[in-house]
Amino acid sequence: MKAPTIYLDSAATTPLDPSVREAMLPFLEDNFANPSSVHPLGQKVRRAVEDARERAAAVLGGEPAGLVFTSGATESNNTVLRGLARKGKRIIITRLEHPSAARPAAYLSGLGFEVAEAANDSSGRIDLGHLADLLREKPASLLCVIHGSNEVGVIQDLDAIGAVVREISPRTWLHTDAVQTVGYVPLHPQRWRIDSLSVSAHKIFGPKGAGALMLYGGRSPEPLIHGGGQERNLRSGTENPSAIAGLATALDACARHRTERADHAARLRDRMQEVITNEISDACINGAAGERLPHILSVSFAGFPGEVLLHHLETEGVMVSTGSACHSAEAGASEVIRALGVPARLAGGTIRISFSHRNTDDEIERAAAALKRQVVQLREVGSQ
Amino acid sequence: MSDPTVLPAVLIVRYAEIGLKGGNRRSFEKALAANLKHALKATPHGPVERPRGRIVVRDPIDPAAAARAAAAVFGVASVSPGITVAPDMDAITAAARSMTAQAVTERPGDGPITFAVKGRRSDKSFPLDSMELSARLGGVLLGEFPRLQVDLSRPQLTLGVEVRKDEVLLYTERIEGFGGIPVGTTGKAVSLLSGGIDSPVASWLAMKRGARVLFITYHSYPFLPEASLDKIKDLTRRLARYQHGAVLHVAPFADIQVAIKKACPEALRTVLFRRMMARLACRLARREGALSLVTGESLGQVASQTMENIRSIADASDLPVLRPLIGFDKTEAIDLARRIGTYDISIRPQPDSCTVFQPRKPAIKTTPEEVRNAEAALDVDDLVDESFANLDEYVFPAVP
């Protein structure tokens, strides 16, 4: 009776890759020592941590000395935002930021720091003219841009954004959240001229609670966490060697398999999109106008809240995600969906379908059929 | 008791109303003692005795916890954790001294404490009567504790002394119970439980008047997440402790809502949903031998609670519907929900209905004829049968 599970929520999190698990285990068992201990047991773990740092930095296109291990991108983003807030200068963010950047920015705004939002067009890309105006108007200490949107998959043109920043305000810190892109899109931090980048391990088949803040160019934000001085004073607290080894191994795998994983995900996404476009009426694909992530598909349907569709899909074993909630008054469209100007009639009915190399073509066929069935059924029930 | 200086502890449990119940008194007392034993299962204690007009629990290991548990049993008027000594004036005086010393040190500062001794002699062979006993002990204690000042009308500290045939019970604390009558003595009822504030309070009030309550709730999966049931389960778990255990029956409701939405006028939906809920509750009541339904309805708060709509909804029920909150203001329901520990669960943000089914403008005044006509478009029996056949059941023990 119960349908087999089809996991289409890889943008939320991913299972642990067997090679990652393998890399983590020694530090949960025999190699338990504190990497700050000066005895041989500690030093053995220290070498492993530093080895992981080198491997991770190489994948992220930076120097090992600039790599700060954190608990994940939320901490990395918080470190940058809170560590670079300056009185008299503004912070610029976008309307597509993940809450791990949007919320700290709102918090800083509440403390009296000035936060400005760069406008975007209906495809989700930042309006470079508006960004230039913001940078000219007033000195900015930080520009924070999510590289690939977790909700709609839109990829920002960091080449162009970096150029604008360096031309108008060379000292402005340019930070990007590459959580969703690192697994699928090549990183060019030097060409983009970014100062920092965040990643999380669990989105790329690594462990939860592990991530990094990659610093380029020698400058550092004020630390968020003070204590024993680990991570060159930028992130105190005993390192988590198993998480660190897991992150490095997951990043390695990203670099090695990026193209094939991206191609695989894009094929599945395109097939799903094809079914939706050709066989389901009154639906729109969000952020499809320009470059976007291969593994994220955001769709809005007219006629019902996205969460209701989500729960109906789960009855067929299909696991997806949504930003809207059934109980909120306007069947709450998310900030990002609103930023794209999706019509209200559709915005509340948004779901995110996300893919990975672990999904098969057959799964997509079954999931697409389930989607069609459930949309038709729900439309028969009607919205009001 | 291995330490001879530690006096044996007791709980003195008083009941009010059941003492007045003439012919039924014995069975009520038995039920109360049985419920009390259930409530005290988690706190080890000795024998439970039923001398006249009281229940005495011997040797509670944790008297404070046992007193709290006993005070939550319906039918209990008040509970005092105390000690027992031999009916001998020297022993009584020594015990009174040590209890008073403790009560005085528990009150911070060195300001005056108003004080009274309340003696009660039920064994007339004891040489002093109640008045004499109180006066004698009061004199000793006033001499010994300079902070004490006599105030017989509203004392801050009362030393209770109950003289029985073979023992004397002393106590300084009195925890008020909820009153009411023992659960199970007035029959079974099915309570329609939602995630809101009112229905748990209504269920509690029915228990307080002696009903053993079974719970039913209605779940619109997959229009609502499975997680929306968690709140209802937590409410049931909380209420279970007032009647030593509870069962929650979950009726699938999505198909019924879809059928009503497709076939019936939008404005009548709210009333039609509730009529189906009432029918399912009646079915459960019949199966379980319950004699009435309990709802959290109050008069005139929202569309489903106008007098007209209460009538239209009750029209679908073939059992009496008890509405303990009918005269409650919202604030009164909230106050009581806080007291019984359901409020914090009820206010968790978890939807109990899906926007898909909410009518834009629900009818405020319906008639039974009108809603019956609207139901003609449905196969009511089929829908009820189908849901009832798929009832889920969750059992909650008294002590989680």
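This is a short dialogue on reading a chain contact and a helix in a predicted model.

Trainee: What should I know before I start?

Mentor: Residues are numbered from 1 along each chain as its sequence is written, and chains are lettered from A in the order in which they are written. In this predicted model local features need pLDDT of at least 70, side-chain atom pairs count only at pLDDT 80 or more, totals for chains, interfaces and linings use all residues, and side-chain values use heavy atoms, with hydrogens and water left out.

Trainee: How many residues does each chain bring to the contact?

Mentor: Contact means heavy atoms within 4.5 Å. Here chain A brings 16 residues and chain B brings 17 residues.

Trainee: Which salt bridge links the chains?

Mentor: A salt bridge is a side-chain nitrogen of Lys or Arg within 4 Å of a carboxyl oxygen of Asp or Glu. The count between chain A and chain B is one: A:E380 pairs with B:K262, their closest N and O atoms being 3.7 Å apart.

Trainee: Which helices of chain A supply at least two residues each to the side that touches chain B?

Mentor: Helices are DSSP runs (H or I, at least four residues), numbered from the N terminus. On chain A, α9 (306–314) and α12 (361–381) do so, and α9(A) gives the largest share, five residues.

Trainee: Which residues are buried in α10 of chain B?

Mentor: Buried means under 20% relative accessible area (1.4 Å probe, protein chains only). In α10 (residues 330–340) of chain B, these are B:A333, B:I334, B:L336, B:A337 and B:I340. Their cover includes α5 (198–208), α6 (228–240) and α11 (343–346) of chain B. Just after α10(B), B:G341 has a positive phi of about 85°.

Definitions and conventions:
Buried < 20%, exposed > 50% of the residue type's maximum accessible area, 1.4 Å probe, protein only.
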